[in-house]
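Dear colleague,

I am passing the structure below on to you, and after it you will find my notes on what turned up when I went through it. Please read them with the coordinates open beside you.

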Amino acid sequence: MNPGKPDSLISPEWLRYLERLSFLSRKRSRSSQRGERRSRARGHSVEFADHRNYVVGDDLRYLDWNLLGRLDRLFLKIYEEERELPLHLFVDLSESMNFGTPSKFDVARQIAAAMGYVALNGFDRVHLNLFPNSAAQGAQGLPPRHLRGKGSSMRLLDHLSALRPGGQGSLNQALQEAARGNRRQGTVMVISDFMDPDGYESGLKAWCSQGMDVHAFMVLASEELNPTLHGDLRLVDCENGSHEEVTFGRHQLKAYQATLQGYLDQIQNFCRRHAIGFHLVPSHINLESWLLADLRKAMLWK
Amino acid sequence: MQFLTPTAFWFALTLPVIIAFYLLKRRRQTRVVSTSLLWTRFLAEHQANAPFQKLRRHWLLLLQLLILSLAILALARPLIQGNGLEREWLIVLIDTSASMQSTDVKPSRMEQAHREVEALIETMDETDQMMLIAAGYPTRVIQSATSSKTDLRRALGKIPAADTGTRLAEGLKLASTFAEGLEAVQIHLFTDGAISDLKDQQWPEADLVYHPIGQGGENVGIVSMDIRPNPEDPTSTAIFAGIANYGSQPRELILELSLDDQLVEGRPLDIAAGATASQTFIANQPEEGVFKLSINLKDDLEIDNEVSLVSRLPKSASVLLVSQGNRFLERAISSIPGLALAVTDTWDPLASEQADLIILDGILPESLPAKHLLAIDVFPQAWFEKVTPEESPTVVDWLATHPIMRFSPLDNVSIASAGGIKAPSWATPIVEASQTPLILAGEEQGRRVVWLGFNPLNSTWPLRVSFPIFVQNAIQWLTAPEQESSWGNLHTGEALVTGADHDSDTVNIRLPDGSVQSLSLNPETTQFVFSDTFSQGIYQIEHRDMIERFASNLLDPSESDTGPRSTIQLGDYGQITASTQERAQVESWRPILLLALSVLLFEWFYYHRRTV
């Protein structure tokens, strides 16, 4: 994408819609950085939280003078500290994402751009994790690890626009490595086709165990949902080159769809068990209405 | 089911080859997919890895196996047990009569019969034996029993349709003789059904299968022709002809009569469907010649559209009439040309020595003369042991086919009395009353005899026109055969018997097609027999300077009636029905091969439908 034209990923009208949105996190922020998210930390904001007894050394500005007048005892008003809610964006750039019309990769980075834009717009920190690393080192070099503030949104969009898919990646490995270096609670959004032969379970679990609010966005192309293949075929995996010989035709379509549905059910069950939000995104979907309507219904943002 | 070539099942060993091809070498199109994860799961769940289960839904393989199996089955030449009759021996009887020349089926009925026999030969297996018999003049075995289809086909090509009538009875007798003692015999009759000689035939002890030949019957033919002196004017010749239309449409035609190729008369004739028209021509004939009557009409059968008859001028014969007076008889005799008539009222042995024919009208000499006799109302003891008078005998039947009774019906003839006798063994009753024969004819001790058991003057017969015809017929029959004007006119296939010249050893006979046959004569015999009269036309006997002609004609109404018949009467009660009976064991490789071809086409269609 041309950095001067970020609207090819997200149009200006879209951005105006997105600016009105803010994430609804199911978790309270534990970040140490101040932000606009309610947190468990007490601090200085306008949101009253509780009273406590005055001890020597407390700031007299927070004394509750009304209670002192009524009860003749010293109480201190405690306010909630508003902190930032970090957003970890994981975008799958493997070769398998370069598939379908429109390609799954285009849809994935549009979702990432929208999520990142909303987060940055809400003064949340955005951690952009791209895997595999070989593809992540695109024309723009290494991705910006941390982005914060509305001003960084253009950097995010520019970088996403410049990405090209390729290579073979491990979803588990990417998620686990990132989880090990994380110390702050926040939201994790994984955008992938979840078609890794090594699975996805251990990676997602690594984030769930840290009490993160995890969302999985599974992007599938229409060719994967309803294949139009016929005849005696040798199917080659674009990532690892493995192949399967299959005789396929219209009569096997139902059997294939049953297999696919079984796989989707398996992911959904896993996500339900671990309180992970699961979102299936066909690549031919109307992304605008999906982002603005369906995700609102899913209480991802408001 | 049996198989003629069960060794073909060795080809079944090729079946696993197709399976091996499928297992080892299947052309697959390469397609790149985003991931093989789903396909691996799909294959694991829905397509087992075991080799034979892989083949489970390969319809193409199943179809190809089916095609190969059908081809192997066809190679094994299966025999299907049908509802037909068991057979091992086939006796094929082919009618070679003139009606088989009909062209209602193209090119001719004979060709159709050949085709059907060839089809029958095709159904034979190695154990079947077939014999070919041509039923005609003469009936002969064309091919003795063999299982060689080549020999049978070659022999079949030698059977042409002749100009003769049908002689199926003899063929059936021959076939029955061969069939005796054999089991599983079928006699196959290939004929158009124009048969008249099976009335006395017994049902053979074999399965009789009738294959009717021919479809139409649009034929007009000359079915009878006769030449005799004109009864009204003995100096001229009368030609009587019968023309029959056996078709379903009325026909207009022109009859042409010619004498020695000179046109005598052309006569238009309208003839209704199914009708027979009798025509009489009167012609002046100064010398011996050949009358040819022809129909200029294109119909199914051509051979009966032309008849040639040799007409001789009658030689004079002397007749002695011994009578007390019979004007009717005398007038009838005197109207016959070429007769020298002497009349006497008493028996005179000397006068009888001079006569060729003696008519005894109520007068019986002591000893019968050794001459041809027309005996009227006399009862010699040498002939009849006992005579009982019969009052008012009623004529119940007469033999209309006998030459004496030709054109001489006895309808409404009343007779006052007759002598009741028992016919002697040499005589044939040609007119019969209820109790006794009235007229006899036969040959006795070298002479021909016609006997009337009543006095015509005591009957109404002399008042009928049939009486002078009868007298003329009787005198013609009684005089020597060589004096008959109709001598030398044969039906095709009939043998000619004629006197031989003692001075020559050989005689040449020129056939209608121009070829000449030489016959060696036995000096001890006074006659020779020529039997090769199978072609219609004029034959010439050439010996020394003499040339004598005779004619051979079909003149057979049953041959001219070419309409197809679904049944043939056999004997008094038997009836052969046109059979579509199939053989008991039918070779069925052809339909199987056709089925294999159909499956192959379907497989081709399915392959393209599946891979598009």
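What percentage of the 302 residues of chain A count as buried? The answer is 38%, and I should say at once that this comes from a predicted model. Chain A is built with 10 helices and 10 strands, and among its contacts between residues at least 6 apart in sequence, 78% join residues at least 24 apart.

I then turned to the place where the chains meet. Here 29 residues of chain A are in contact with 22 residues of chain B. On the side of chain B that touches chain A, at least two residues each come from β2 (29-33), α2 (37-46) and α12 (589-611) of chain B, and α2(B) gives the most, with nine residues. By character, the residues on that side of chain B divide into seven nonpolar, eight polar and seven charged.

Strand pairing also crosses from one chain to the other, since strand β8 (residues 231-237) of chain A and β2(B) run parallel and are joined by five bridges. Within β2(B), Val33(B) is the residue that stands opposite Asp237(A). As for α2(B), its buried residues are Leu37(B), Leu38(B), Trp39(B) and Phe42(B), and these pack against β8, β9 (243-248) and α9 (253-273) of chain A, together with β2 of chain B.

The other feature I would point you to lies in chain B, where an open sheet of eight strands with mixed pairing has the order β17-β16-β18-β19-β25-β24-β23-β21. At its edges stand β17 (339-344) and β21 (395-398) of chain B, each of which has a single partner strand, so one side of each is left without a neighbour in the sheet. From one strand to the next, the twist averages 15 degrees.

Inside this sheet, strand β24 (residues 437-444) and strand β25 (residues 447-452) of chain B run antiparallel and are joined by six bridges; Glu444(B) has Arg447(B), in β25(B), as its bridge partner. Helix α10 (residues 466-478) of chain B packs on the sheet, where it touches β16 (317-323), β18 (357-361), β19 (372-376) and β25 of chain B, and the direction of helix α10 of chain B makes about 160 degrees with that of β25(B).

With best wishes

Notes. Residues numbered from 1 in each chain as written. Chains lettered and ligands numbered in written order. Predicted model: local features only at pLDDT ≥ 70, side-chain atom pairs only at ≥ 80, totals over all residues. Contact = placed C-beta atoms within 7 Å. Helix = DSSP H or I, 4+ residues; strand = E, 2+ residues; numbered from the N terminus. Nonpolar A, V, L, I, M, F, W, Y, C, P; charged D, E, K, R; others polar. Pairing = 2+ DSSP bridges. Buried ≥ 20, exposed ≤ 12 C-beta atoms within 10 Å, placed from the backbone. Axes fitted to C-alpha atoms, helices over the stretch in contact; angles between N-to-C directions.
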